[in-house]
Structure formats: structure tokens, C-alpha cells
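Let's take a walk through this structure together, one strand at a time, and then turn to a pocket. Keep the 3D view open as you read.

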Amino acid sequence: MDERYERQFALREVGEKGQRKLLSSKVLVIGAGGLGSSALLYLAAAGVGTIGIADYDRVEKINLQRQVIHSTDTVGQLKAESASKTLKALNPDVCLNLFEQKVTKENIDELIAPYDFILDCTDRFETKFLISDACVKGKKPFSHAGVVRFEGQAMTYVPGKGPCLRCLLSEPPPTVTCAEVGVLGSVVGILGSIQATEAVKYLLGIGQLLVGKVLLVDGLNMNIKVVDF
């Protein structure tokens with residue numbers, strides 16, 4: 001097996017058996033922006049065999065401060081295409097499926113069906129609730145995260161084992177965008193990395209997931225806590 005995974009072989013919770021499991025797994029990342037950037041990079045680096053990238057937007061220079069999977073050279077390109085180039089250079093073993101259309105209630109069920117785990121890396125609550133509702137209906141585990149300014153949160157849903165996003169917030173609250181209030185890119189990277197970690201742990205069946213919990217990150221005061229709900 002590829003030597004790139006040797007540091008994961010050394011983890012008794014992973015080993016070669018676990019690595020083979022990752023290589024046979026499928027993860028869908030909806031949103032290839034800030035959260036999706038770090039999540040996608042670490043999923044590919046970890047050797048998740050099939051990664052879906054769903055994003056219909058294009059790379060903009062104003063977003064490169066946090067969307068680190070893209071580059072100045074790919075400004076104007078579709079984000080899914082730009083991200084796929086970076087991931088292929090990082091790990092050519094990974095199979096990438098690109099979905100360059102807007103995710104809607106008409107196509108989301110078919111979109112998530114082939115995947116073992118879903119990452120909600122979007123930035124609008126309407127889309128986040130769409131993903132949550134579809135995953136509950138389709139019995140798909142998923143990780144949710146969101147960030148504004150210096151603060152972010154993450155949670156994980158596993159069918160039959162804990163509450164979903166709608167259990168935490170019955171209706172989508174008004175979306176506050178980064179364009180309106182700003183955001184620190186490195187905090188977005190922290191939350192995206194947490195989502196990737198949750199996905200890998202779920203696929204391997206190890207550790208404790210953020211099921212029935214919300215992880216809260218305050219990057220300004222460097223305060224991280226987990227709250228039960």
C-alpha cells in the first residue's frame with residue numbers, strides 16, 4: 001500500500017485494515033468554499049477512495065482568503081473543477097465525482113444516495129436544512145458546520161443515534177453572510193478540518209462523534225467547548 005499512509009498505519013485504531021476501509025469509502029462534500037477547502041484536502045490526504053464535490057459557483061479572488069483549495073490561477077473557474085485539480089495533485093489515487101449544479105430538493109436525494117457520509121460545507125441555512133432533511137429521510141450520516149466572524153460550530157448526525165439540525169433549530173434562521181460581517185479564514189479551516197475528522201472517524205467506526213452535541217469555537221478568545229443538546 002502507498003507509503004503516503006504510513007503515519008496512519010501507525011495508529012492502532014486505523015492500521016492497514018482501516019486504511020483499506022477508507023479507500024473503499026465514499027464521502028460527499030457539498031460546498032467547495034471555505035469549509036469545503038480544508039475538509040476536501042484532508043479527506044483526500046487521508047485516502048478516502050471516492051469523494052464527491054458538489055458546487056455550482058465559481059472561484060473569486062475575494063474568497064481566496066479562506067477558500068485555500070483554490071488559487072489565483074483558477075479564479076473564474078468552477079469551484080468543483082478547481083478543487084479537483086488540487087486534490088488530484090495531492091493524491092492521484094482518489095476518485096473524484098463532480099456535481100456542478102445547484103443542489104435542490106429535486107436532485108438532492110439522488111445526489112446523496114451513493115455516499116457513506118455527507119459533509120454540509122455550505123454557507124446558507126436554507127441549504128443546510130435541505131441537506132439535513134434529505135439525510136434524515138435517506139438515513140445518511142452527515143456533519144454540519146458554520147462560521148461567521150471568529151466563531152463557528154459543528155455537529156454530526158447519525159441515523160437512529162441522535163438529533164439532526166432541525167432538532168437544534170426548528171426553522172432556518174436568517175443567514176448572516178461573511179460578506180456582511182466578515183470572517184477569519186483560519187477559523188473556517190479549523191471547522192472544515194473537524195468535519196473531515198468526523199467523517200474519517202465514522203467511516204472507521206472509532207472514537208466519539210459529535211452526535212447529540214454541538215462543538216463551539218471562539219477563535220478570537222481561543223475558547224472551544226462542546227455542549228450537549
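A good place to begin in this predicted model is the pairing of strand 5 (residues 142–148) with strand 6, where the two run antiparallel and are joined by 7 bridges. To find your bearings in this pair, pick out His144, whose bridge partner in strand 6 is Met155. Strand 5 and strand 6 form a hairpin with 2 residues between the strands. Look there for Arg149, which takes a positive phi near 50°.

Now follow strand 6 to its other pairing. Strand 7 (residues 213–218) pairs with strand 6 over 4 bridges, again in the antiparallel sense. Here a handy landmark is Gln153, which has Leu216 as its bridge partner in strand 7.

How many of the 7 residues of strand 6 are buried? The count is 5, taking buried as under 20% relative accessible area, so strand 6 (residues 151–157) is largely enclosed by the rest of the structure.

Let's leave the strands and look for empty space. The second largest pocket holds about 210 Å³, and 13 residues line it. Nearest its centre you will find Gln8, Ala46, Ala196, Thr197 and Val200.

Which helix gives the largest share of this lining? Helix 9 does, with 6 residues. Both helix 9 (185–204) and helix 3 (34–46) supply at least two residues each to the lining of the second largest pocket. As for the character of that lining, 9 of its residues are nonpolar, 3 are polar and 1 is charged.

Technical notes
Residues are numbered from 1 along each chain as its sequence is written. This is a predicted model: local features need pLDDT of at least 70, side-chain atom pairs count only at pLDDT 80 or more; totals for chains, interfaces and linings use all residues. Side-chain values use heavy atoms; hydrogens and water are left out. On a 1 Å grid over the protein atoms alone, a cavity is a set of points where a 1.4 Å probe fits but cannot get out, and a pocket is an open set with protein on both sides within 12 Å along at least five of seven lines; lining residues have an atom within 4 Å of a point. Grid points are joined across faces, edges and corners, and a volume is the space filled by probe spheres set on the points. Ala, Val, Leu, Ile, Met, Phe, Trp, Tyr, Cys and Pro count as nonpolar, Asp, Glu, Lys and Arg as charged, and the others, Gly among them, as polar. Buried means under 20% relative accessible area, exposed over 50%, partly exposed in between (1.4 Å probe, protein chains only). Two strands pair if DSSP finds at least two bridges between them.
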